[in-house]
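The text below takes a close look at a single part of a protein model. Terms are explained where they come up.

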Amino acid sequence: AKFYQKAFDERMAAGNPGSAAGMANAIGRVYLESGDRENAEKWYRIGYETSKQITGLSAEDRDLWLMRWHHAQGRIAARRGNIEEARRQAAALNEILAKGENEDERPQYQYLLGYIALDAGEYDRAIAELQKGNLTDSFVLGLIGRAYEKKGDAENAKAYYAKVLASPSHSINTAFSRQWARNYLKQ
């Protein structure tokens, strides 16, 4: 997180709020997936507020930043065990998608629904929603593996975790999903 914060500060100083907002969201991700929900919310909020400083955004791009904010709030609420609030955030994201201007973001909605269901202990629902998401995203594959793991389906958990480890992706999301995969597969 400290390296992302340094990049955030540099981008803000350079007058690049779009890139800085992305860095703030990355910091939020690090905190959320590390279990620090308060700092996650702080940094996702900074990312959303920073995105409002981007000049010349189209309506679609403003909606995209708002969807990212709802997505983050949904995941944070799910991690806090507030599934009702998480689902409200998912519904708000879906309302924006219903405008039809950011339809290519639909897999992110499915990922959010799966993330919420996983934290709610609804493993079959989590798997079904996540499988409608981006199946080339190693984080989504890792979440599917986690759902199978928590469900007690070792064969499918191993299969999805193997896909995570085979992914050539290099991102913070991949780092988290690879950690889950390694921990499970070394058992």
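Q: Please look closely at the largest pocket: how many residues line it, and which of them lie nearest its centre?

A: The model is predicted, so local features need pLDDT of at least 70 and side-chain atom pairs count only at pLDDT 80 or more, while totals for chains, interfaces and linings use all residues. Residues are numbered from 1 along each chain as its sequence is written, and side-chain values use heavy atoms, with hydrogens and water left out.

The lining of the largest pocket is made up of 18 residues, and those nearest its centre are Arg 29, Arg 68, Arg 75, Gln 108 and Asn 173. A pocket here is an open set of points on a 1 Å grid over the protein atoms alone, where a 1.4 Å probe fits and there is protein on both sides within 12 Å along at least five of seven lines; a lining residue has an atom within 4 Å of a point. The volume of the largest pocket is about 530 Å³, taken as the space filled by probe spheres set on the points, which are joined across faces, edges and corners.

Helices α2, α4, α6 and α10 each give at least two residues to this lining. The biggest share comes from α4, with five residues. Helices are DSSP runs (H or I, at least four residues), numbered from the N terminus.

Two of the central residues also take part in side-chain pairs. The first case is Arg 68, whose charged end sits over the ring of Trp 65, 4.5 Å from the ring's centre. This term applies if NZ of Lys or CZ of Arg is within 6 Å of the ring centre and within 35 degrees of the ring normal.

The other case is Arg 29, which is linked with Glu 33, Arg 79 and Asp 119 in a network of salt bridges. Side chains of opposite charge can pair when their charged atoms come close. A salt bridge is counted when a side-chain nitrogen of Lys or Arg is within 4 Å of a carboxyl oxygen of Asp or Glu, and the model has 15 of them. Within the network, Glu 33 and Arg 79 form a salt bridge with an N to O distance of 2.9 Å. Glu 33 belongs to helix α2 (residues 17-33) and Arg 79 to helix α4 (residues 59-79), so the pair links parts of the chain 46 residues apart. Glu 33 is buried at 11% relative accessibility, whereas Arg 79 is partly exposed at 23%; buried means under 20% relative accessible area, exposed over 50% and partly exposed in between (1.4 Å probe, protein chains only).

Another salt bridge joins Glu 41 and Arg 80, whose closest N and O atoms are 2.9 Å apart. Glu 41 is in helix α3 (residues 37-51) and Arg 80 is in the loop between α4 and α5 (83-97), so this pair ties together parts 39 residues apart in sequence. Glu 41 is buried, at 18%, and Arg 80 is partly exposed, at 38%.

Next comes α6, one of the helices that supply the lining. Gln 110 is placed in helix α6 (residues 106-119). With a relative accessibility of 10%, Gln 110 is buried. Leaving aside residues up to four places away in sequence, Gln 110 touches Glu 129, Leu 130, Lys 132 and Gly 133, where contact means heavy atoms within 4.5 Å.

Helix α10 also contributes to the lining, and it takes part in aromatic pairs. The whole structure holds seven aromatic pairs. Rings of Phe, Tyr and Trp (its six-membered ring) pair if their centres lie within 6.5 Å, and planes under 30 degrees apart count as stacked, over 60 as edge-to-face and the rest as tilted. Phe 139 and Trp 180 are a tilted pair because their ring planes are at 45°, with the centres 5.2 Å apart. Phe 139 is in helix α8 (residues 138-151) and Trp 180 is in helix α10 (residues 172-185), 41 residues apart. Both are buried: Phe 139 has a relative accessible area of 1%, and Trp 180 is at 13%. Ring pairs also join Phe 139 and Trp 180 with Tyr 111 and Tyr 115 in a cluster.
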